[in-house]
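Colleague: I'm new to reading models, so I'd like to ask where the labels come from. Could you walk me through them?

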Amino acid sequence: MQRALQELRGERERVRQLLAEVDRQNGEIDRLRNSFHHESNSRLLAEEALDETRDRLELAVAAAGLALWDWQLSSSQVFLNSRWGEMIGDLPQGGYWDTDRLLERVHPEDRPRVSAEVRALLAGEVARASAEYRVRTAQGWLWIESHGMVAEHDALGRPLRLMGTHADIRERKRVEAAGEQARALAEQASRAKSEFLANISHEVRTPLNALMGLTRLLMDSPLNAEQTNWLSLMDSSAHALLALLNDVLDLSRIEAGKLMLEDVQFDLAEALEDVGRLYAEQAQAKPLGWSLSMAPDLPPHIHGDPGRLRQVLGNLLSNALKFTPRGGQVRLEADVLHPAEGGPPRLRLRVRDTGVGIAPRHQAQIFEAFTQADASTARRFGGSGLGLAICARLVQLMGGEIAVQSALGQGSCFTVTLPLREAAPADSAPLSAPMELDELAQAGQRFAGLRVLLAEDHPVNELITSQLLRRLGCTVRPAHDGHEAVATWEQGDTDLVLMDVQMPGSNGLEATRRIRLREIETGRPHTPIIAVTANAMNGDRDACLAAGMDGYVPKPVSPQALIRAMDDALLKVQGVRAAAAAPAPAVLGDTPTASADALDLEKLRRRLDGDEATLRQLAEVMRTDLAARLAELYQALQRRDADAAIAHAHGLKGSLGSMTADRGARFAKGLELAARSKDWSLFERALPLMQAEAQKIDAALAALLSARPPAG
């Protein structure tokens, strides 16, 4: 009995274990069943997401109007979707295209470029390739843009499959063509504008030269008070017309990006005093109170553009005098502005007046071209509205800023701030008639006996220039066109030629080239030729010098500009002839008698506040530096060493300018320019001129050092 019970219990335990195993097996089956369902659901979800992404991609491609292409490189066919058929005017259905048929559709001129892009892609030179080219369609040639990339590589990294897109870019090409046409039309209009301005400039300058010259001659004749007043008004009106012409040309050059700023060191105080002196006289005549204030920390010499600086200040001062009633005040102030944040110092110039002022609503417009405060301004005060516009653009070109503070009835203050940087002076403008007569009087008979050939076809201008030359002591021989000028020169007895450019028949440039050719053929000495012309646009000076002229004076001719050009041309030809007679250059040693105008010692003394000890010390240093640099310049010429020539010419230009040897500084600048362009022929011709001038400067310095220093 006991044994049976034990067997029954054992059987029950086995049954329990079997049932537990069955439950475990059922649980595992359920788990596997659940896992299977989960994997199936995930696969379905992934397939749905992939389908959705594919649909979005197809919609995006369709929206972009792209044709998809797929090329298995092992095949000679490329798959293209239905968009390709639409693009070429075929049935809009996808399919396989033979590669040769596709290449035949490419424009013959574009096939090399397309093939090169494919080769670069296959060679791995680029990750993605793109090309714009034309394909043949049912309607003609279609511009498309293709992009492609390697989509599949083999185990060795070799490309197996390329994929990409084609896009229809006919509209883009149409816009580009329209843009090119618009640019061509704009360039044509710009050229027409430049030609128009050049013609207007020439046509206005020619009679204006006559008007100003005749006024000068009449003012030097016996006149009563009323006639003197009338001539003064004529002279003032002529200068106003010239100023307007120059303003229009300046604005045109600035807007065309053709106005260049040169570089030179100059005396800031002297420049401010020069411009102030002119407007002080006008203020006194009105009358107005006038003052010039220069801060004690102003540097004696700065690098800037003195010609353009005077132009900006002249416009501002002219406006101040114009808009300030009698009894008012005009003030020019100059100081150095040191920014609080520690930036580089800047030159600050302010023009203050107690005039009519400018309303706040107009202040933002006054720096725009042809704009004045209101319509009544031109009627009441005159002017074209160009002055402040040119000031703003010039200041901007010089890297500076211009601003105005003003209130109606309380006057105005125009502030110009400029960086202290290198630039160079512009040509002198014509002076007023009385000042020009003063210039002639001071010149005296310095050109006495000089035989001048005057080539000028305009009878009034011929009369005026002849009178000016005779006052300088010259003998004048006229010629009325280029052929006559050459024929007269051939007769000999000509020391200097003043050549108009636009003349009937052979013009001045052609005549100059013929004279230079005849000099070479016959071995005659070099005759200095100066252009005296109404051609005053960009490039006209260069054209004259390139033709073989030695100087350039624009019309209306101012006596001081002509005198300076004659001085320079004659000095240049003396240097050329001296070089021909003495090929071995001498370094400074035995020097000729010092030229009175080689150095302005009085100006130099003023700069040094009368410090004779410093003056003598500078003279010793300058003599040593001058001799050393000339020797270096001759060596640079022999070695054709442009860098050395530029460095020594530039250094000589600066030191001579500081020593008030202005003409020598101009010669040094010419050497620097020749070296920069590596024009060694010009450099070789100019160096003897520098040598001759240096000897005069050295003689002046030697005379200074040999003189007994004043007691102090």
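Colleague: Why is E171 called partly exposed?

Modeller: Its relative accessible area is 46%. Buried means under 20%, exposed means over 50%, and partly exposed is what lies in between (1.4 Å probe, protein chains only). With 46%, E171 falls in the in-between class, so partly exposed it is. One warning: this is a predicted model, where local features need pLDDT of at least 70 and side-chain atom pairs count only at pLDDT 80 or more, while totals for chains, interfaces and linings use all residues. Residues are numbered from 1 along each chain as its sequence is written, and side-chain values use heavy atoms, with hydrogens and water left out.

Colleague: What is pLDDT, then, and what is its mean over the chain?

Modeller: It's the predictor's confidence in each residue, from 0 to 100. The chain has a mean of 77, with 76% of its residues at 70 or more.

Colleague: Where is confidence lowest, and where is it highest?

Modeller: Lowest is helix α10 (residues 375–381), with a mean of 44, and highest is strand β16 (residues 496–499), at 93. Helices and strands here are DSSP runs numbered from the N terminus: H or I over at least four residues for a helix, E over at least two for a strand. There are also stretches where pLDDT stays under 50, including residues 373–383 and residues 576–594. Where pLDDT is low, don't read the predicted coordinates in detail.

Colleague: Back to E171. What makes its pairing with R174 a salt bridge?

Modeller: The rule asks for a side-chain nitrogen of Lys or Arg within 4 Å of a carboxyl oxygen of Asp or Glu. For E171 and R174 the closest N and O atoms are 2.6 Å apart, so the pair passes. Both residues sit in helix α5 (residues 170–219), 3 residues apart, or about one turn of the helix. R174, at 48% relative accessible area, is partly exposed.

Colleague: How do you know that K173 and E176 are about one helical turn apart?

Modeller: They are 3 residues apart in helix α5, and that makes about one turn. Their side chains meet at 3.5 Å, N to O, which is a salt bridge. E176 is partly exposed, with 36% relative accessible area. K173 has another partner: the residue lies over the face of W143, 4.5 Å from the ring centre.

Colleague: What makes a charge count as sitting over a ring?

Modeller: NZ of Lys or CZ of Arg has to be within 6 Å of the ring centre and within 35 degrees of the ring normal. R524 is listed this way too, over the face of W489 at 3.8 Å from the ring centre.

Colleague: How many salt bridges are there in the whole structure?

Modeller: A full search gives 31. One of them joins the side chains of R639 and D641, at 3.5 Å from N to O. R639 is partly exposed at 46%, and D641 is partly exposed at 26%. Elsewhere, salt bridges with shared partners tie R331, E333, D335, R348, R350 and R352 into one network.

Colleague: What about rings: how many aromatic pairs are there?

Modeller: The count is 3.

Colleague: Why is the W84 and W97 pair called edge-to-face?

Modeller: Their centres are 6.3 Å apart and their planes stand at 90°. Rings of Phe, Tyr and Trp (its six-membered ring) pair if the centres lie within 6.5 Å; planes under 30 degrees apart are stacked, over 60 edge-to-face, and the rest tilted. So 6.3 Å makes a pair and 90° makes the pair edge-to-face. The pair links distant parts of the chain, 13 residues apart: W84 is in helix α2 (residues 82–87) and W97 in strand β3 (residues 95–98).

Colleague: Are those two buried or exposed?

Modeller: W84 is at 4%, so it's buried. W97 is at 10%, so that one is buried as well.

Colleague: What makes D493 exposed?

Modeller: Its relative accessibility is 51%, and the label needs over 50%, so D493 qualifies. D493 lies in the loop between α14 (482–490) and β16. Its phi is near 60°, a positive value in a residue other than glycine.

Terms used:
Contact means heavy atoms within 4.5 Å.
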